[in-house]
Amino acid sequence: MERKMLGLKLTDKISCKEIRKKTQVSDIVQYIAKQKWKWAGHVARLQDNMWTLRVTEWQPRNGKRSRGRQARRRRDDIVRTMGNTWTREAKDREEWRRDAEGFIMQ
């Protein structure tokens, strides 16, 4: 779509990074990752009795799992990047913001 905005064709051999600089359109994947990171930090800083935090940490233990690959949760991406102690690390807001760049650039 950005190529069309600039009137370019694939045969022009211009990289996507160059096109992105010209159009100044932000990458939607990075934007979504940033918003996910911000929400996770917000949830981790909530009080213990808030339902949002309890639902994030809740793990159902009864019943039979369905076939196939397990669905990925928002929490899984954060744990993969920061480890299981991400909720403690999110308490320090400035540190959490600095760590966001590593998560967003994946």
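## Exercises on a tryptophan cluster and a helix crossing

Both W86 and W96 are buried, where buried means under 20% relative accessible area, exposed over 50% and partly exposed in between, with a 1.4 Å probe and protein chains only. The model is predicted, so that local features need pLDDT of at least 70 and side-chain atom pairs count only at pLDDT 80 or more, while totals for chains, interfaces and linings use all residues. Residues are numbered from 1 along each chain as its sequence is written, and side-chain values use heavy atoms, with hydrogens and water left out.

**Exercise 1.** Find the aromatic pairs in the whole structure and describe their geometry.

*Solution.* Step one is the criterion: rings of Phe, Tyr and Trp (its six-membered ring) pair if their centres lie within 6.5 Å, and planes under 30 degrees apart count as stacked, over 60 as edge-to-face and the rest as tilted. Step two is the search, which finds two pairs. W37 and W96 are stacked, with 4.0 Å centre to centre and 10 degrees between the planes. Since W37 lies in helix 3 and W96 in helix 7, this pair ties together parts that are 59 residues apart in sequence; helices here are DSSP runs (H or I, at least four residues), numbered from the N terminus. The rings of W86 and W96 have centres 6.2 Å apart and planes at 35 degrees, so this pair is tilted. Step three joins the results: ring pairs link W37, W86 and W96 into a cluster.

**Exercise 2.** Determine how the axes of helix 3 and helix 5 are arranged, and which residues meet.

*Solution.* Axes are lines fitted to C-alpha atoms, for helices over the stretch in contact, and angles run from 0 to 180 degrees between N-to-C directions. The axes of helix 3 (residues 28-44) and helix 5 (residues 74-82) come within 10 Å and cross at roughly 90 degrees. The two helices are therefore roughly perpendicular to each other, a term for angles of 65 to 115 degrees. K36, W37, W39 and A40 in helix 3 meet R74, D77, I78 and M82 in helix 5, contact meaning heavy atoms within 4.5 Å.

**Exercise 3.** Decide whether K13 is buried or exposed, and locate K13 along the chain.

*Solution.* K13 is found in the loop between helix 1 (2-6) and helix 2 (16-23). With a relative accessible area of 74%, K13 is exposed. As a final step, compare positions: K13 and A44 are 31 residues apart in sequence and 45 Å apart in space, C-alpha to C-alpha.

Key:
Parallel < 35°, antiparallel > 145°, perpendicular 65-115°, else oblique.
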